[in-house]
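I sat down with this one to look up a few things and jot them down as I went. Here is the structure, so you can follow along.

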Amino acid sequence: MGWPPMLRSTGTAMGTTAVKPPSPRLRCALLSCGIASILAAAALLAVTLTVFRVREPVMTMNSISLKDPASDAASPPALTLAVVADVSVRNPNAASLRYGGTETSVWYRGRRVGEARGPPGDAPARRTVRANVTVGVAVAALLGDPAFAADVAAGAVAVATATTVRGRVAALGGLVRRRVTLEMNCTATIAVADLSITDQSCLQRVWLR
């Protein structure tokens with residue numbers, strides 16, 4: 001007696017059905033959607049890295065001047081000397097730059113003799129904003145330095161100013177966001193004869209993070 005022949009499974013004995021491969025038309029549609037998604041992502045990345053790439057703002061110290069103390073009733077001329085820093089911030093980005101209050105200080109021979117804060121603001125995209133910061137310098141702080149009398153006798157007093165601006169740039173609904181810190185350090189010489197400013201020199205530093 002021989003063994004009965006083995007039965008081959010057709011895949012339908014347990015109620016299962018064979019899965020048909022997707023039609024060529026469906027495969028083409030899926031492939032087109034995939035390619036379109038890749039191209040859209042590449043375009044968005046290219047725009048983000050070019051148009052919306054955060055560039056360094058530029059701070060400019062337009063001038064440093066002395067304000068006539070007699071014009072400020074709140075500051076007695078004999079007690080306070082007002083130093084005015086005229087500052088500009090240029091925003092080269094495609095999004096606005098929002099910054100907090102500016103910080104400006106005046107230094108004499110390595111010692112801080114005055115400081116002031118300016119109001120916060122907003123530099124629109126690809127625009128320049130300008131602000132004046134007045135720093136009151138106590139004359140007593142200058143007279144307390146033994147070198148001050150010698151500088152006055154020589155006819156020139158060298159001072160330094162430091163201005164700091166902190167802000168942020170946000171684009172694409174916050175998708176691109178960077179914090180910015182601008183620092184401008186300047187040196188200038190005050191002519192004692194007419195209180196004019198000479199030999200002004202400035203250096204800017206920028207941090208993006």
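My entries below cover a sheet, the cavities and an aromatic pair.

**Entry 1: the model.** I noted before anything else that this is a predicted model.

**Entry 2: the sheet.** I looked up how the strands are arranged and found an open sheet of three strands, in the order 1-2-7, with antiparallel pairing. I wrote down strand 1 (58-67) and strand 7 as the edge strands, since each pairs on one side only. I also checked the angle between neighbours: with direction ignored, neighbouring strands of this sheet are turned by 20° against each other on average.

How many bridges join strand 1 to strand 2? I have nine in my notes, and the two strands run antiparallel. I picked out one residue to follow across: Ile 64 has Ala 85, in strand 2, as its bridge partner.

**Entry 3: the cavities.** Next I asked what space is enclosed. The structure holds two cavities of 30 Å³ or more, and I put the largest cavity down at about 90 Å³.

Which strands each supply at least two residues of its lining? I listed strand 2 (80-91), strand 7 (127-138) and strand 8 (156-171). Strand 7 gives the largest share, with four residues. Strand 7 was already in my notes as an edge strand of the sheet, so it is worth having both entries side by side. I then went through the lining residue by residue: Val 87, Ser 88, Val 89, Tyr 99, Thr 102, Val 129, Arg 130, Ala 131, Val 133, Thr 163 and Val 165. Sorted by class, this lining has seven nonpolar, three polar and one charged residues.

**Entry 4: the aromatic pair.** I searched for paired rings and found one aromatic pair in the structure. A pair of aromatic rings is described by the distance of the centres and the angle of the planes. For Tyr 108 and Phe 148 I noted centres 5.9 Å apart and planes at 85°; planes over 60 degrees apart count as edge-to-face, so that is what I call this pair.

Where do the two residues of the pair lie? Tyr 108 is in strand 4 (residues 103-108) and Phe 148 is in helix 3 (residues 146-154), so the pair ties together parts that are 40 residues apart in sequence.

Are the two partners buried or exposed? With under 20% relative accessible area counting as buried, I marked Tyr 108 as buried at 0%. Phe 148 is buried too, at 14%.

Conventions:
Residues are numbered from 1 along each chain as its sequence is written. This is a predicted model: local features need pLDDT of at least 70, side-chain atom pairs count only at pLDDT 80 or more; totals for chains, interfaces and linings use all residues. Side-chain values use heavy atoms; hydrogens and water are left out. On a 1 Å grid over the protein atoms alone, a cavity is a set of points where a 1.4 Å probe fits but cannot get out, and a pocket is an open set with protein on both sides within 12 Å along at least five of seven lines; lining residues have an atom within 4 Å of a point. Grid points are joined across faces, edges and corners, and a volume is the space filled by probe spheres set on the points. Ala, Val, Leu, Ile, Met, Phe, Trp, Tyr, Cys and Pro count as nonpolar, Asp, Glu, Lys and Arg as charged, and the others, Gly among them, as polar. Two strands pair if DSSP finds at least two bridges between them. Axes are lines fitted to C-alpha atoms, for helices over the stretch in contact, and angles run from 0 to 180 degrees between N-to-C directions. Rings of Phe, Tyr and Trp (its six-membered ring) pair if their centres lie within 6.5 Å; planes under 30 degrees apart count as stacked, over 60 as edge-to-face and the rest as tilted. Buried means under 20% relative accessible area, exposed over 50%, partly exposed in between (1.4 Å probe, protein chains only).
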